[in-house]
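Got the model open in your viewer? Let's walk through it stop by stop, picking a selection each time and looking at what is there.

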Amino acid sequence: MSSNKYYLNYLDELESEAIYILREVWAQFQNPVILFSGGKDSIVLTHLAKKAFYPSKIPFPLMHVDTGHNFPETIQFRDDIIKELGVNLIVGSVQESIDDGRVAEEKGKNATRNALQITTLLDAIESNKVDCAIGGGRRDEEKARAKERFFSHRDDFGQWDPKNQRPELWNILNGKYFEGEHFRAFPISNWTEMDVWNYIKRENIAIPSLYYAHEREVVWRQDAWIPYSEFLVLEDHEEVVTKKIRFRTLGDITITGGIESDADTLAKIADEVAGMRQTERGNRSDDKRSESAMEDRKRQGYF
């Protein structure tokens, strides 16, 4: 008696799960968007959406919260991928939020616009009548993100309560909400950083050059190599040096720490990540402000 069995490898299983969630978002919500930062996770998420709805175009726009302190390479990559995919781009501007008096610019050496994104994001969600914002958050990144469900409910103030989330038994997703509320969806929640890199390598997905080892002017601050830029205020003891570094995660240029590396190919990056014991957000200075920095921001409406 012959038995023909079909087996998926683990990347195929993760891909299938993510595509299922993306299709559920499209089925259950009226006006979803993909939160696109230009980082590897949002790039993989966009690639998955392209697969999920092929041969049609991605049926919803991409939304980028622009702090004004981005890496130039990230903005260029964003514009290129929008042109390639032929999808709409919604941009929420933190600078406009500052100019309009909606938020106040932080002061001091470690000032960042990271938390200011909350107001800009919630304003963009409200003004564009978004009922589901799809993000590339993963549970292995940070302990607060480990509490997220695939469909993560936000109240009518855009806030997140980790103790008030819907059960998702047997992957049955509940996207019902009252007027004024919305959801965040996280299709790649179950992926690890290693999974992301192996998938990028397998699918040959283009990523910003920032992820590859390259020479850059940097400053040693908070146990990481912070890129030198016009936004960085140096202290007397700090010195700008040139190092060969790469970035494991991308945020504002003022808070994203690089690591010294020679990994200039996807294969080398995957090998390097396999031997690391610190989460990729360990070099993000915004997460070092307190033990609960990420969860505090998420409760207020952060990504």
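Start by selecting Arg138: this residue is buried, with a relative accessible area of 0%. Show side chains and add Asp140, which forms a salt bridge with Arg138; the closest N and O atoms are 2.9 Å apart. Asp140 itself counts as partly exposed, because its relative accessibility is 34% and the buried class stops under 20%. Keep in mind as you click around that this is a predicted model.

Now for another arginine. Select Arg246, which counts as buried at 0% relative accessibility. Which residue does the side chain of Arg246 meet in a salt bridge? Glu272 is the one to add, with 2.7 Å from N to O. Colour by secondary structure and you'll see Glu272 in helix α7 (residues 266-274) and Arg246 in strand β9, so the pair ties together parts that are 26 residues apart in sequence. Glu272 is partly exposed, with a relative accessible area of 21%.

Stay with Arg246 and look at the backbone this time. Its bridge partner in β10 is Ile259. Two bridges join β9 to β10, and these strands run antiparallel.

From here, bring up the whole sheet: β8, β7, β9 and β10. In that order the four strands form an open sheet with antiparallel pairing. The edges are β8 (224-227) and β10 (259-260), each with a single partner strand, so one side of each is left without a neighbour in the sheet. If you're switching on hydrogen bonds, remember that strands of a sheet pair through backbone hydrogen bonds, either parallel or antiparallel.

Walk across the sheet pair by pair:

- Select β9 (residues 241-246) with β7: five bridges pair them in the antiparallel sense. Label Arg216 and Lys243 here; Arg216 stands opposite Lys243 in β9.
- Select β7 (residues 214-221) with β8: four bridges join these antiparallel strands. Label the two tryptophans, since Trp220 has Trp225 in β8 as its bridge partner.

Next, go to Lys268 and Asp264. Their side chains meet in a salt bridge, 3.2 Å from N to O. Are these two buried or partly exposed? Lys268 is partly exposed, with a relative accessible area of 43%, and Asp264 is partly exposed too, with 36%.

For a bigger group of charges, select Asp12, Glu15, Lys51, Arg202 and Glu203 together: salt bridges link them in a network. The salt-bridge count comes to 18.

Leave the salt bridges and centre on Asn70, in the loop between β2 (62-66) and α3 (72-85). Asn70 is buried, with a relative accessible area of 15%. Show Asp66 as sticks as well: a polar contact of 2.5 Å joins the side chains of Asn70 and Asp66. Then look at what surrounds Asn70 beyond its neighbours within four places in sequence: the contacts are His64, Ile75, Asp252 and Ile253.

Now select helix α5 (residues 117-127). Which of its residues are buried? They are Gln117, Ile118, Thr120, Leu121, Leu122, Ala124 and Ile125. Follow the chain past the helix to Lys129, where phi is positive, near 55 degrees.

Switch to a surface view for the next stop. Select Leu169, Trp170 and Ile172, which form a nonpolar patch on the surface with about 430 Å² of accessible area together. Leu169 lies in the loop between β5 (151-154) and β6 (182-185). This leucine counts as exposed because its relative accessibility is 52%, and the cut-off is over 50%.

Finally, zoom out to the full chain. Eight helices and ten strands make up its list of elements. Of its 303 residues, 54% count as buried. The chain exposes about 14900 Å², and carbon and sulfur atoms supply 48% of that area. If you draw a contact map, take the contacts between residues at least 6 apart in sequence: 73% of them join residues at least 24 apart.

Terms used
Residues numbered from 1 in each chain as written. Predicted model: local features only at pLDDT ≥ 70, side-chain atom pairs only at ≥ 80, totals over all residues. Heavy atoms only, no water. Patch = residues over 30% accessible without salt bridge, like charges linked within 9 Å, V, L, I, M, F, W, Y side chains within 5 Å. Areas by Shrake-Rupley, 256 points an atom, 1.4 Å probe, with all protein chains shown as cover. Salt bridge = Lys/Arg side-chain N within 4 Å of Asp/Glu carboxyl O. Buried < 20%, exposed > 50% of the residue type's maximum accessible area, 1.4 Å probe, protein only. Contact = heavy atoms within 4.5 Å. Pairing = 2+ DSSP bridges. Polar contact = N/O pair within 3.5 Å; in protein donor to acceptor, adjacent residues only side chain to side chain.
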